[in-house]
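Subject: Structure handover

Hello,

I am passing on the structure we talked about. Please open it first, then read the notes underneath.

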Amino acid sequence: MTEFVDVVIVGAGISGISAAWHLQDRCPDKSYLVLERRENLGGTWDLFKYPGIRSDSDMFTLGFRFKPWTSEKAIADGPSIMSYLKETVAEYGIDKHIRYGHKMLSADWSDEDNNWTLRIERDGQDVEIKCSFLFACSGYYNYDEGYLPDFPGYDDFEGTLIHPQHWPEDLDYQGKKFIIIGSGATAVTLVPALANSGAGHVTMLQRSPTYIGSLPDVDQFTVRTNKTLPEKPAYVLNRWKSILVQSFRYQFARRFPNAMRKLLMTMAQRRLPEGYDVGKHFGPKYNPWDERLCLAPNGDLFKAIRRGKADVVTDTIERFTKTGIRLASGEELDADIIVTATGLKLQLFGGASISRNGEPVELNSTMAYKGMMLTHMPNLAFTIGYTNASWTLKADLVSEFVCRVLNHMAAKGYDTVEPQHPGNSVDERPLMDFTPGYVLRALDYLPKAGHVAPWRLKQNYLLDLRLIRHGKVDDAALKFTKQRAPVTV
């Protein structure tokens, strides 16, 4: 028989764990399952195994609001984050609701039955699960493959080629020469990690530079509060200090981009060898936060360059060769191992096909309400975190709002909720107000946003507190309906 539950959560990463905790806490009468395609929880933190994997947001905001992060380390490594997530699901009994090895292949909404039918792949077989509400917490990128440009001569290279999304855990890289292609968070993490753990030499090869800031991995403010206050008040204070500092830095960068650029360039220059061409290698042409600003804890990337263990080359690739890479400038870089840290492929709902009454729903024909629900898709929500702050801040807000919607529906006897497309009254905007390559490559695929609230994402936690946590549920953009009485013949 087809199984039925009130809510199905897809994904057991940070977003799915947040959704599960909030459902238990705020909607205790709702039955739920968490479907996880992998054999372990953690999402991103279970997938990526490359050396040095760490958070690029502070843990006081990447950690959950309901589960204090007690370490004084603001920037944590991947294994520590995984331990925190496993402790969370065990402490709150969420682990009993997770089903591993369950991949959602498709989801079809029936207007007649007022529910979703999910087709799930489990142990090589297809099974069906029905639910009243579908909560997609599977992130926004393809877990099976990252983005790889069409490099001329790629197959000519006789060394080892690796995409960091599929890092071989048994890789022996002692004394080996590396080229890391890319300048995003993964490359900025990998370069010092490899340089400090036995690699022969590491070259970060970038087509264009990225802004990189330096912060200590241990926050002295946190050290003091943890010593003087009980655990929970200290966590609240540390968390809000981080939220406000993040918000201030971002708003300052957007309002005064030249000043922020100068600050970041000066920070880099002070940490690099005298005479280093900071402008060429660390001075992007775009403004700070047009793309995500990368973090070098304790200036580790700059230290690796200063010690001669790593360098940065800014050039374009002409082709791969047997022994490395030939650049457009004519320079040749030799390598034993080349890592293509070239980005992600965006993908919503884990790649599952979404339909209504058997008719496919094209994501780019929908508009996102508060960045979490889509027009044409009843009883469905999804989580996409912030691009300029910790993912979890938004995940917790989305989870709260979904619970408020479910409780409103239960109190009023509603069966369905569906955002109503505003039509020509709202101008379309990209879903993500952000311009890295992986977003630009997916603009034709993604849902749309609008130019005004509640259709516009502001990427501002403080504003979202008012809009999402405290904004009314029953607003004009949402249509709530009750199931029609059956027709008697």
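Start with one charged pair: Lys73 forms a salt bridge with Asp217, and their closest N and O atoms are 3.5 Å apart. The two residues come from distant parts of the chain, with their positions 144 residues apart in the numbering. Lys73 sits in the loop between helix H3 (59-62) and helix H4 (78-91). Asp217 sits in the loop between strand E10 (212-215) and helix H6 (220-228). Lys73 is partly exposed, with a relative accessible area of 36%. Asp217 has 17% relative accessibility, and because the cut-off for buried is under 20%, Asp217 counts as buried. Please keep in mind that this is a predicted model.

Side chains of opposite charge can pair when their charged atoms come close. A search of the whole structure finds 20 salt bridges, and two others are described here.

Arg38 pairs with Asp46, the closest N and O atoms being 2.9 Å apart. Arg38 is partly exposed, at 23% relative accessible area, whereas Asp46 is buried, at 8%.

Asp126 pairs with Arg119, and here the closest N and O atoms are 2.6 Å apart. Both partners are partly exposed: Asp126 has a relative accessibility of 47%, and Arg119 has a relative accessible area of 35%. Elsewhere, salt bridges that share partners join Arg38, Asp46 and Lys49 into one network.

Now the chain as a whole. The protein chain has 13 helices and 25 strands. Its radius of gyration is 24 Å, close to the 23 Å that the globule rule gives for 489 residues, so the chain is as compact as a globular protein of that length. Along its principal axes, the C-alpha trace spans about 85 × 55 × 45 Å.

How many of the 489 residues count as buried? The share is 55%. The protein chain exposes about 21,900 Å², and carbon and sulfur atoms supply 49% of that area.

The contacts tell you how the chain is connected. Among those between residues at least 6 apart in sequence, 73% join residues at least 24 apart. The pair Lys73 and Asp217 also links distant parts of the chain.

Last, the charges. The protein chain has 58 positive and 59 negative side chains. The centres of the two sets lie 7 Å apart.

Regards

Methods
Residues numbered from 1 in each chain as written. Predicted model: local features only at pLDDT ≥ 70, side-chain atom pairs only at ≥ 80, totals over all residues. Heavy atoms only, no water. Helix = DSSP H or I, 4+ residues; strand = E, 2+ residues; numbered from the N terminus. Rg over C-alpha atoms; globule rule 2.2 N^0.38 Å. Buried < 20%, exposed > 50% of the residue type's maximum accessible area, 1.4 Å probe, protein only. Contact = heavy atoms within 4.5 Å. Areas by Shrake-Rupley, 256 points an atom, 1.4 Å probe, with all protein chains shown as cover. Lys, Arg positive; Asp, Glu negative; His and termini not counted. Charge placed at Lys NZ, Arg CZ, Asp CG, Glu CD. Salt bridge = Lys/Arg side-chain N within 4 Å of Asp/Glu carboxyl O.
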